[in-house]
Amino acid sequence: MTQPATQLTNPVLTAKIELDTPVTRKSGDVTEVTLRKPKAGELRGLNLTDILQMDVNALGKLLPRISQPVLTEAEVQNMDPADLVQLGGEVAGFLVPKKMKDTQPQPSETSLSA
């Protein structure tokens, strides 16, 4: 379940993701993670193609930089694959330009019932 939100004072795009399998910590389980759109500097050392293809190693390096609560690289590597796909999909969506999002064809009712 994702809930995109924007902050009025700081135009930072965020997404809240409810995890299927909580990340276990001594301080308590993490059941929800908020991601924010990465800035160019947070992408340093990473290949954009790897991020868009949801490469596990690339996400392991990027997610700790943009998650709240901050996930460690080890936590990302041990995450339920379904949760990693949810987080990776949100990250990939952050990197798609607005213009491309607006031109994406929307499924029609006829294509859904076929």
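Does Thr 49 count as buried, partly exposed or exposed, and what is its relative accessibility? Thr 49 comes out at 44%. Buried would need under 20% and exposed over 50%, so Thr 49 counts as partly exposed. Keep in mind that what you're looking at is a predicted model.

Where does Thr 49 sit? You'll find this residue in helix α1, which covers residues 48-52. Now look for Ala 92: the two are 43 residues apart in sequence, yet their C-alpha atoms are 9.7 Å apart in space.

Let's zoom out. The chain has six helices and four strands, and if you walk along the sequence you meet them in the order β-β-β-α-α-β-α-α-α-α. There are 114 residues, and 29% of them count as buried. Among contacts with a separation of 6 or more, 48% come from residues 24 or more positions apart. On the outside, the chain exposes about 7,500 Å², with carbon and sulfur atoms supplying 55% of that area.

Next, follow the strands. β2 (residues 13-23) and β3 (residues 30-36) run antiparallel and are joined by six bridges. One of the pairings is Val 23 with Val 30. Together the two strands make a hairpin with six residues between them, and Gly 28 in the turn has a positive phi of about 130°.

Now for the inside. The largest nonpolar core has 22 residues, and Leu 35, Leu 63 and Leu 87 touch the most other members. β2, β3, α2 (56-66) and α4 (81-95) each supply at least two residues of this core, with α2 giving the most, five. Take Leu 35 as an example: leaving out residues up to four places away in sequence, its contacts include Leu 13, Ile 17, Leu 63, Leu 87 and Phe 94.

Finally, look at the charges. Side chains of opposite charge can pair when their charged atoms come close. A search of the whole structure turns up four salt bridges. One of them brings Lys 16 and Glu 32 together at 3.9 Å, N to O. Lys 16 belongs to strand β2 and Glu 32 to strand β3, 16 residues apart. Lys 16 is partly exposed at 32%, and so is Glu 32 at 38%.

Another salt bridge links Glu 42 and Arg 36, whose closest N and O atoms are 2.4 Å apart. Here Glu 42 is buried, at 15% relative accessible area, whereas Arg 36 is partly exposed at 26%. Glu 73 and Lys 61 also meet in a salt bridge, at 3.6 Å, and this pair connects helix α3 to helix α2.

Notes
Residues numbered from 1 in each chain as written. Predicted model: local features only at pLDDT ≥ 70, side-chain atom pairs only at ≥ 80, totals over all residues. Heavy atoms only, no water. Buried < 20%, exposed > 50% of the residue type's maximum accessible area, 1.4 Å probe, protein only. Contact = heavy atoms within 4.5 Å. Areas by Shrake-Rupley, 256 points an atom, 1.4 Å probe, with all protein chains shown as cover. Pairing = 2+ DSSP bridges. Core = buried A, V, L, I, M, F, W, Y, C linked by side-chain atoms within 4.5 Å. Salt bridge = Lys/Arg side-chain N within 4 Å of Asp/Glu carboxyl O.
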